[in-house]
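Reader: Hi! I'm new to reading protein models, and I'd love to take a close look at one part of this one with you. Could you walk me through it slowly?

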Amino acid sequence: MGVQISPLPTVAIKLIASGVTFSASMTKSPSFSLSASSRMMTIFPSMRSCTISGTDATVDLCRIANQQPIGIICEILNEDGSMARGDQIFNIAKNYNLKVGTIAELASYLENNPEWVRRLEEPRFVMESFVNFPCQYGDFQLAHFRNFKTQEDLTIICKGEFTQALQDEKTLVRLHSECLTGDVFRSFRCDCGDQLQFALEEIEKRGRGLIFYLRQEGRGIGLSNKLKAYALQDQGHDTVEANLILGLPADARVYDQVQDVLNFFYVKNVDLMTNNPKKIQALKEMGFGVERFPVQSRVRKQNLNYLSTKVKKMGHDIDLTKKD
Ligand SMILES: [Zn+2]
């Protein structure tokens, strides 16, 4: 649903989208439309001194409002070409039924809600969205983080309270590597779907925990290569040999992206739901306290070779005697 806005006499528009800046000047333009959601607030130049630029303020406002970090910066001029300020701005806003927020107000909000602060001087993940996520396993929340330097994103399924006061509490955590075939189609070739279900059920039971859904399909080699490796496995190679034959590492995953998010949730001590010693080691190297919370994989005839290889060649701790 679009909202029509009549043109002002002279309007300079700057459009910022994903780091690309497009500028245009309009005089005597026809009316233009904005979607209703984009009109929730309009940022005008600060009337108090402030260190946040208009560009940063626009992106921050969008993020805090759970919108795409894309905005329009519109400088409003008086008839004589001078910048409209103070009461002139409020009069215009009243005429066009716009809400006014100052950059100083945004700065004050960020000061009181530091979890929304972006720190561009170092690569790090910051929260872009936080939404309720009721699902088959209970009522969870989904948090979405982005590294604004690399544009990499990270999805977290979470439940429970996370505050500074609880920072010494142990938190159930799973670093789950995406597996389309296992997670979505519940493949019997691997145990990923079972492990994800186990993690969701355990967090629901305890009432508190985090699942990192890491986009590293096929232990980091991607879906296409994983399926090629499956074809080699069908010819008798194991999961490690198959990757190596393809010229790929047996395990290409890294876990350093989780550090900022664990800090964000005030998590220092982790009960890590895993059978993989590499994940435990990775978190310990980052300075987190880690205890293993074993995941019982379902051993089936279709995944027995796969799980055996994980045990023999990758050091995973799986009880292969517990058949489904
Ligand atoms: Zn899998």
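Reader: In which loop does Q257 lie? Please start there and then show me what is around that part.

Author: Happy to! One thing to keep in mind is that this is a predicted model. Q257 lies in the loop that runs between helix α8 (239–245) and helix α9 (258–264). You might wonder about its surroundings: Q257 has 21 other C-beta atoms within 10 Å, and because the cut-off for a buried residue is 20 or more, it counts as buried. In the chain as a whole, buried residues make up 24% of the 324 residues.

Now look at what Q257 touches. Leaving aside its neighbours within four places in sequence, Q257 is in contact with F125, E152 and L154. Another residue to find is L214: it is 43 residues from Q257 in sequence, yet the two are 9.1 Å apart in space, C-alpha to C-alpha. Links across the sequence can be counted for the chain too: of the contacts between residues at least 6 apart in sequence, 58% join residues at least 24 apart.

These residues lead us to a sheet. Seven strands form an open sheet with mixed pairing, in the order β8-β9-β10-β12-β11-β13-β14. Its edge strands are β8 (125–135) and β14 (289–293), each of which pairs on one side only. From one strand to the next, the twist averages 25°. F125, which Q257 contacts, belongs to edge strand β8.

Let's step through some of the pairings. Strand β11 (residues 170–177) and strand β12 (residues 209–214) run parallel and are joined by six bridges. If you want a pair to find on screen, V173 has L210 in β12 as its bridge partner. Helix α5 packs on this sheet, where it touches β9 (138–147), β10 (153–159), β11, β12 and β13 (269–273), and its direction makes about 160° with that of β11. Strand β11 also pairs with β13 in the parallel sense, over four bridges. There, K170 has N269 of β13 as its bridge partner. Moving on along the sheet, β13 and β14 run parallel too, with five bridges between them. One pair to look for is D271 and its bridge partner in β14, E291.

Next comes the nonpolar core. The largest one has 36 residues, and I156, I211 and V261 touch the most other members. Helix α5 (residues 192–206) gives the largest share of this core, five residues. I211 is a good residue to click on: apart from its neighbours within four places in sequence, it is in contact with I156, I157, R174, H176, A199, L200 and I203. V261, another of the three named core residues, falls within α9 (258–264), the helix that follows the loop of Q257.

For a last stop, look at a helix pair. Helix α1 (residues 54–64) and helix α3 (residues 103–112) pack at an angle of about 55°, and their axes are 11 Å apart. The two helices are therefore oblique to each other. In this packing, α1 passes α3 in a left-handed crossing. The contact is made by G54, A57, D60 and L61 on the α1 side and by I103, L106 and L110 on the α3 side.

To place all this in the whole chain, its secondary structure comes to eleven helices and 14 strands. If you return to the start, you will find Q257 in its loop between α8 and α9, in contact with F125, E152 and L154.

Key
Residues numbered from 1 in each chain as written. Predicted model: local features only at pLDDT ≥ 70, side-chain atom pairs only at ≥ 80, totals over all residues. Core = buried A, V, L, I, M, F, W, Y, C linked by C-beta atoms within 7 Å. Buried ≥ 20, exposed ≤ 12 C-beta atoms within 10 Å, placed from the backbone. Contact = placed C-beta atoms within 7 Å. Pairing = 2+ DSSP bridges. Axes fitted to C-alpha atoms, helices over the stretch in contact; angles between N-to-C directions. Parallel < 35°, antiparallel > 145°, perpendicular 65-115°, else oblique. Left-handed = near helix turned anticlockwise from the far one by under 90°.
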